[in-house]
Amino acid sequence: MKPFARFMVKSAYVLNGSHRYKKVKTFFYNLMENNSYRYKKYFDVVMVMLILSSVIILIREVKYESHDFLQFFNDYIISIVFLVEYLLRMWVYNDNSKIIIERYEHDEFLQREFSPLKAFKEILHVKFQYMSSPSAIIDLFAIMPFFHELRLLRLFILFRVFKLFRYTNSIRHLLSVLTHKKHELLTLLMFAAIVVFVSGVLIYVMEANHPNSQITTLFEAFYWSLVTISTVGFGDLVPKTEGGQVVAMFIIISGIAVLSFSTSIIVSAFTERMDDIVENKLIENISALRKFYLICGYTKTAQQVAAKLRRHGKNIVVLDNNVDRVKLATSHHIRAVVGDPGALASYAKLGIDFKKQVHAVLCLEYDDVSNVYAALTIRSMNKEVMLLSLLINQSNRKKLSLAGVNEVVYSQELVGMVAKEFSGMPVAFEAIHALRSEQSDVLTEEIVIDEYIGAQYRNVGDLCAERYRIILMGISPANGDAFLFNPKSHEPVGTGDILLVIGSNVLIKEFKRDLHVKKRRS
Amino acid sequence: MKKSALIFGYNEYARQIASQIASEYERVHIFVLDDALRQKAQEDGFHVSSFDLSDEWHEIERDYRTDNTVAFCTLEDDAHNIFLTISLRATFSAMYIVALAKDTEGINKLKIAGANRILPIVQITANLISEILEKPVVTNVLHNILYEDSEIKIAQINVVPGDAIVGNNSHGIAFKDTYNIILLAIVDKMLNTNFVFTAKGFNHRIEVGDVLVVIGLQEDIDKFKMHIRDSV
């Protein structure tokens, strides 16, 4: 193999195996193309600001003398940013090293000599595919004002406005709606073009030689006919002959038809696609969430759980097969998607990263089969995520455990236990119930000793919980030892321990804040 | 403690209630609407009778002191359950009636029908689920204290005449340090208030008739009880 070809293949293998290179490329891909990437919106905002400032500078130049710095900013800085963006987009569009490797391995397999030229051609072909896409063409034109010596190219600044399409989702959605009805709109456009052409020619024939006529050239004839068919009717050109007026009547009626048809096509396109657009937007929102609880089945229990978790400031996503229940969840301001919790496709559609995004999955259908099926489906995708499920029939408890459910909640047993407790000690039960329901101002709370608190406070006495009228009921040690009830002041506290406290809501908040802010009282 | 428990209906909820409360009452009697359920309840070892919703409850009147009886209304159908509650209340004004409610709508109707205590199934389950998710340690500890055989117990102590603590202020008693128990709340019978939570910081003067709700190891609670009674 020739030295150049060898160098090319070697470089391709190095790049293909480099994690760092892939990481950088993925970062730029996410930044520019991945709508669910958290930082993309910041990139988009910066680009939109650059575009708007460029247009503002252009408008200012019309009446005022251009400022040197603004000129420099517009011609060089913005253009260079756009040029870099264009090149980056071209770079992340495909993987050249993969093309070279595939070509090389293909040639090796067929025992032919590797041809760098062919690989080059293939790369150019793919890159050309990118460059010939409408958005890439707009991007290219938007860089043009860089060559500011060519005055004409300054007009290309307007292409920067078209670049807005890239960064604003709503414009993209509008375009996708219109593309959906491309055929109908094209037919209508053809009809309108024919009417404009025919009536333009007719009005020219009727009017051009009339002494009082305002329409004397073919250009004026087409201009008049376009203004009339669009129902704008400036009134600057008016037919004077009877023949011309007949043509005008014909074109006015056609104009009404064209306008009403096009309106109805666009409206119907929106109605048909609106659900998709809303769902896509919702899925984008879900992908951008940092942490949430996933509820499978928006049953009555799920509704109450969701309401309670939302009061604690948690995000909820509902996945349910039942359209009515999804609508109900949406009316409760919860992100809800129609989908079968037992189908892998539903989760693929949502694009959820269980490890990073999901606190826990709650299978809350009133049907053990559905809950087991949903649990198994989730477990097949992720082994770690916490799974909680309702149990409807006691005999299915083991099946839920086998399906990988971590917490099983059996309402019947729970109600039995509650009945027992308040039968035996009604007052004590009421007290605990009041604490748990969080309806009174006093509540039980967990406080995790993090590294900072752990470093500041050595033992229970240092915490000074009693100053906040907080009852330290016990400590759940980080090492997994048994719960330490009513710890004495000399008992040590360490990072990872969890304090169980009872106190008024406000004072617990104050206590937590002071633990994080204040230094240990000596 | 009430002497007898009457459970109306026999489904999984009723079965669980009957099994769990058996140790708390001298008699547990199940009333069912049809023969199939009667047979099932008998097979499970319960004392069973039949009833229908138009009953005039002569059997209950004859066999039970209704002011010392708790009725659990656990019928499947909400409408039937509400009708049963109102019909029991119409006959027995002193009976303590506990009714299961499936949803919030049912809770209000059962209240109006005269139930003393309502067990809202969905709410109880949802509370537990959100607690498991948000406060797992609290859930575990409280669940063990309330329902499981844990070393730490919750107890209610009725303050009776002659108790050493009568007339003392709650802040003046070192519950935590001296007795190793936590005074969670006090129910003031005189003021007829719900709860005075210790964590609210009120310094309550303990009077006869108050109920102290304490948490601690069983032996410490026993020692405390002994101390306040014996030291007089």
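This is a guided tour of a predicted model with chains A and B, moving from the whole of chain A to its strands, then to the contact and to chain B.

**Chain A as a whole**

Begin by selecting chain A and showing it as a cartoon, where 24 helices and 10 strands can be picked out. The radius of gyration of chain A is 35 Å, well over the 24 Å that the globule rule gives for 522 residues, so the chain is more spread out than a compact globule. If you turn the C-alpha trace of chain A onto its principal axes, the spans come to about 110 × 70 × 60 Å. Colouring by burial will pick out 30% of the 522 residues of chain A as buried. Of the contacts in chain A between residues at least 6 apart in sequence, 64% join residues at least 24 apart.

Next, colour chain A by its domain assignment, which gives domain 1 (3–167), domain 2 (182–275), domain 3 (290–409) and domain 4 (441–517). A distance drawn between the C-alpha centres of domain 2 and domain 3 of chain A comes to 57 Å.

**Strands of chain A**

Select residues 316–320 of chain A, which form strand β2. Five of the five residues of β2(A) are buried, so the strand is largely enclosed by the rest of the structure. In a regular strand the side chains alternate between the two faces of the sheet. With side chains shown, one side of β2(A) carries A:Ile316, A:Val318 and A:Asp320, while the other carries A:Val317 and A:Leu319, and both faces are covered. Now add residues 292–296, strand β1 of chain A, which pairs with β2(A) in the parallel sense over four bridges; within this pairing, A:Cys296 stands opposite A:Leu319.

Move on to residues 386–390 of chain A, strand β5, where four of the five residues are buried, so that this strand too is largely enclosed by the rest of the structure. Its pairing with β4(A) is parallel and runs over four bridges, and A:Leu362 stands opposite A:Leu388 of β5(A).

**Where the chains touch**

Show both chains and select the residues in contact between them: 54 residues come from chain A and 55 residues from chain B. On the chain A side, the elements that each supply at least two residues include α14 (300–311), β4 (358–363), α20 (411–424) and α21 (426–437). Which element gives the largest share of this side? It is α20(A), with 14 residues. Coloured by residue class, the side of chain A that touches chain B divides into 28 nonpolar, 17 polar and nine charged residues.

Keep α21(A) selected and add β7, β8 and β10 of chain B, since the helix lies across these strands, running at about 120° to β7(B).

**Chain B**

Staying with chain B, select the open sheet of four strands, whose order is β7-β10-β8-β9 with antiparallel pairing. Its edge strands are β7 (152–158) and β9 (196–197), each of which pairs on one side only. Strand β8 (residues 181–187) and strand β10 (residues 211–217) of chain B pair in the antiparallel sense over six bridges, and here the bridge partner of B:Ile182 is B:Ile215 in β10(B).

Finally, colour chain B by its two assigned parts, domain 1 (4–125) and domain 2 (147–230). The C-alpha centres of domain 1 and domain 2 of chain B lie 33 Å apart.

Definitions and conventions: Residues are numbered from 1 along each chain as its sequence is written. Chains are lettered from A and ligands numbered from 1 in the order in which they are written. This is a predicted model: local features need pLDDT of at least 70, side-chain atom pairs count only at pLDDT 80 or more; totals for chains, interfaces and linings use all residues. The radius of gyration is taken over C-alpha atoms; the globule rule is 2.2 Å times the number of residues to the power 0.38. A residue is buried if 20 or more other C-beta atoms lie within 10 Å of its own, exposed if 12 or fewer, and partly exposed in between; C-beta atoms are placed from the backbone. Two residues are in contact if their C-beta atoms, placed from the backbone, lie within 7 Å. Domain bounds come from an automatic or database domain assignment. Ala, Val, Leu, Ile, Met, Phe, Trp, Tyr, Cys and Pro count as nonpolar, Asp, Glu, Lys and Arg as charged, and the others, Gly among them, as polar. Two strands pair if DSSP finds at least two bridges between them. Axes are lines fitted to C-alpha atoms, for helices over the stretch in contact, and angles run from 0 to 180 degrees between N-to-C directions.
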